[in-house]
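Visitor: I should like to go through this model step by step, beginning with one helix and ending with the charged pairs. May I put my questions in turn?

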Amino acid sequence: MARERGTLLLGDDSRRPLAFVRLDTQFDNAGDCLINRKLVRLLAERADLCLDVGRCPPAFADQVTRGLAQRGAMRPSREPFLARMALARMAGRRCFLFLMPGAVTRDRPSGGILPDGMRELALPAAWALGVRICQVGASFGGLSERHLATWRGRRRWLFRLSPRDTASAGYLRAHGVSPDPCIPDLAFHLFEGDRCEGGVPSAEGRTACFSFRTDQDPRQASDVTAGVLALARRSGAHLRWRPLVQVARDRPGMEALRARWLADGIDVEPVVDLHADVEACLAFYRGVSFVVSNRLHVLLMAASQGARVLPVADGPVGAKVEGILRDLGLASAVTTGAGLSRGGTVADLAVKVDGAAMRERLRGAFDELLLGVRAPGSEPP
C-alpha cells in the first residue's frame with residue numbers, strides 16, 4: 001500500500017453501488033481505527049469500494065482493511081476521487097461518499113473560513129455529479145458558531161446526516177441543522193448476541209482496567225485522579241488493576257495517574273500502550289472483568305469482549321459518552337471523575353452492556369442506505 005498509489009479498489013461489479021471513503025482521521029487512536037474498519041466492512045458487504053489511504057500510515061490502512069473477504073481483489077489506482085466518481089456516474093452507477101465517523105466537537109485547526117479548508121469544496125462538486133454524500137457514526141456538541149455555520153451550509157450537500165445518538169440529533173436541531181434518523185456507533189458491530197467478536201467473555205471479579213483522557217480541562221486530571229484512587233481503595237486489595245492507553249496522547253496523563261497510585265501505596269501494573277493495535281486492545285479486554293473510562297470506544301470495545309464497564313462523562317466531550325449510554329438505557333450508570341469518590345466498589349457500579357440490538361439497527365441502516373432494503377416492520381430510530 002505505497003502512499004504514492006494511495007487509492008485502493010475493491011470489487012468490480014457495475015450492478016453494485018460504489019462507495020468512496022478517504023481515511024483521514026486520528027491515526028494514533030485505536031477507537032478511530034476500529035470505527036473506520038467497521039465502516040469499510042459494512043460498505044464492502046454491500047458495495048464496491050474505492051478507498052483512499054494516501055493520507056494514513058500503512059499500518060493503519062492495513063488494520064482497516066484486514067479481514068475483508070474480498071481483500072485479494074484489491075488493486076491500486078492513481079485516479080483521483082472526483083474523476084472516478086464522474087466516470088462511474090457517466091456509466092449509470094449509484095455512488096456514495098462517506099465522511100469520516102467520530103466526534104464532531106470543535107473547529108479543526110485551519111486558516112480558512114471552513115474547518116476543512118479547500119477539501120470542503122469537494123462536497124458540492126460530488127453532489128453536482130449525483131454522488132450521495134453521507135455522514136454517519138458521528139456525535140455533535142460544543143461547536144463554535146463558525147463551525148455550526150459550516151454544518152448549516154454543508155447540510156444542503158448531504159444525502160444523509162445520521163448522528164450516532166439522540167442527544168447529538170437534538171443538539172443539531174437546536175442549532176438549525178436538520179438531522180436524519182440516528183444510526184448507532186459503528187463500534188456496535190462488535191456485538192453479536194451472547195458472543196463477542198474475536199473471543200469469549202472475560203472472567204468475573206479478578207481484574208480491573210482504567211483508561212482516561214485527562215488533558216481537556218484543568219480540573220479533569222485532578223478529579224479523575226482523586227476519584228479513581230477512592231474507587232480503588234473501596235474496591236479492595238484483591239483486585240488487580242491494569243492501566244491501558246488506547247489513544248497515544250493519553251499516555252502522559254496515564255503515567256502521572258499511575259505514579260500517584262504508587263505514591264499512595266496502591267498496587268497497580270505498568271501502563272500498557274496499545275493505541276496502534278485494535279486486535280491487541282480487544283484481546284486485552286478479554287482478560288479484564290471491569291473497565292473504568294471516559295473514552296467512548298474504550299467502553300464499547302471492552303463491553304463487546306464481556307467486561308462490565310463504569311462510564312465516566314466529563315470534560316468537553318463527555319456528552320458523547322452520556323448520549324450513547326442514555327440511548328442504551330444506561331444513563332444511571334454514568335458518573336463523573338468527581339462522582340467516582342462518592343461510594344460503591346467497581347463491582348457494584350460497573351454494568352453489562354448488551355449491544356446486540358444496536359448491532360442489528362446498524363446493519364439494517366446500512367441495508368436501507370445502500371440497498372434500499374428495510375427490515376419488515378422496522379421504523380427508523
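Visitor: Which residues are buried in helix α3 (residues 81-90)?

Guide: The model is a predicted one, and buried here means under 20% relative accessible area. An α-helix has 3.6 residues a turn, so residues three or four places apart point the same way. In α3 the residues that fall under the cut-off are F81, R84, M85 and A88.

Visitor: How wide an arc do they cover around the axis of α3?

Guide: The buried residues F81, R84, M85 and A88 lie on the same side of α3, because the arc they cover around the axis is only 105°.

Visitor: Against which elements do the buried residues of α3 pack?

Guide: Just after the helix, G92 has a positive phi of about 85°. The buried residues of α3 themselves pack against one helix and several strands, namely α4 (122-128), β1 (7-10), β2, β3 (48-52), β4 (75-77) and β5.

Visitor: In strand β5 (residues 95-98), which residues are buried on each side?

Guide: In a regular strand the side chains alternate between the two faces of the sheet. Both faces of β5 are covered. One side holds C95 and L97, and the other holds F96 and F98.

Visitor: What is the bridge partner of F96 in β7?

Guide: Strand β5 is joined to strand β2 (residues 18-22) by four bridges, in parallel, and there F96 is the partner of A19. Three bridges, again parallel, join β5 to strand β7 (residues 132-140). In β7 the bridge partner of F96 is R132.

Visitor: Which strands stand at the edges of the open sheet of five strands?

Guide: Five strands form this open sheet with parallel pairing, in the order β13-β12-β11-β14-β15. Two of them each have a single partner strand, so one side of each is left without a neighbour in the sheet. The edge strands are β13 (272-273) and β15 (308-311).

Visitor: Which residue of β13 stands opposite L244?

Guide: Strand β12 (residues 240-245) pairs with β13 over two bridges, in the parallel sense. Opposite L244 in β13 stands V272.

Visitor: At about what angle to β12 does helix α8 (residues 251-263) run?

Guide: Helix α8 lies across three strands, β11 (207-211), β12 and β13. Relative to β12, α8 runs at about 160°.

Visitor: With which residue of helix α8 does D273 form a salt bridge, and how far apart in sequence are the two?

Guide: Side chains of opposite charge can pair when their charged atoms come close. D273 and R251 meet in a salt bridge at 3.2 Å, N to O. D273 lies in strand β13 and its partner in helix α8, so the pair ties together parts that are 22 residues apart in sequence; the partner is R251.

Visitor: Which residue four places away in helix α8 is separated from R251 by about one helical turn?

Guide: R251, which is partly exposed at 30% relative accessible area, also forms a salt bridge within α8, with the closest N and O atoms 2.7 Å apart. The partner is partly exposed as well, at 31%. Because the two are four residues apart in the helix, about one helical turn separates R251 from E255.

Visitor: How far apart are the closest N and O atoms of E145 and R152?

Guide: The count comes to 26 salt bridges, and one network of them links E45, R46, R363 and D367. R152 counts as partly exposed, at 31% relative accessibility. In its salt bridge with E145, the closest N and O atoms are separated by 2.8 Å.

Visitor: Is T225 buried or exposed?

Guide: T225 is found in helix α7 (residues 218-235). Leaving aside neighbours within four places in sequence, T225 is in contact with L257 and R260. The relative accessible area of T225 is 14%, and the cut-off lies at 20%, so T225 is buried.

Visitor: What distance separates the C-alpha atoms of G344 and S235?

Guide: G344 lies in the loop between α11 (318-327) and α12 (346-349) and is partly exposed, with a relative accessible area of 26%. Beyond neighbours within four places in sequence, G344 is in contact with L231, R234 and L349. G344 and S235 are 109 residues apart along the chain, and their C-alpha atoms are separated by 7.7 Å.

Visitor: What share of the residues in the protein chain is buried?

Guide: The protein chain has 13 helices and 15 strands. Among contacts between residues at least 6 apart in sequence, 77% join residues at least 24 apart. Of the 381 residues, the buried share is 54%.

Definitions and conventions
Residues numbered from 1 in each chain as written. Predicted model: local features only at pLDDT ≥ 70, side-chain atom pairs only at ≥ 80, totals over all residues. Heavy atoms only, no water. Buried < 20%, exposed > 50% of the residue type's maximum accessible area, 1.4 Å probe, protein only. Contact = heavy atoms within 4.5 Å. Pairing = 2+ DSSP bridges. Arc of directions from axis to C-beta. Axes fitted to C-alpha atoms, helices over the stretch in contact; angles between N-to-C directions. Salt bridge = Lys/Arg side-chain N within 4 Å of Asp/Glu carboxyl O.
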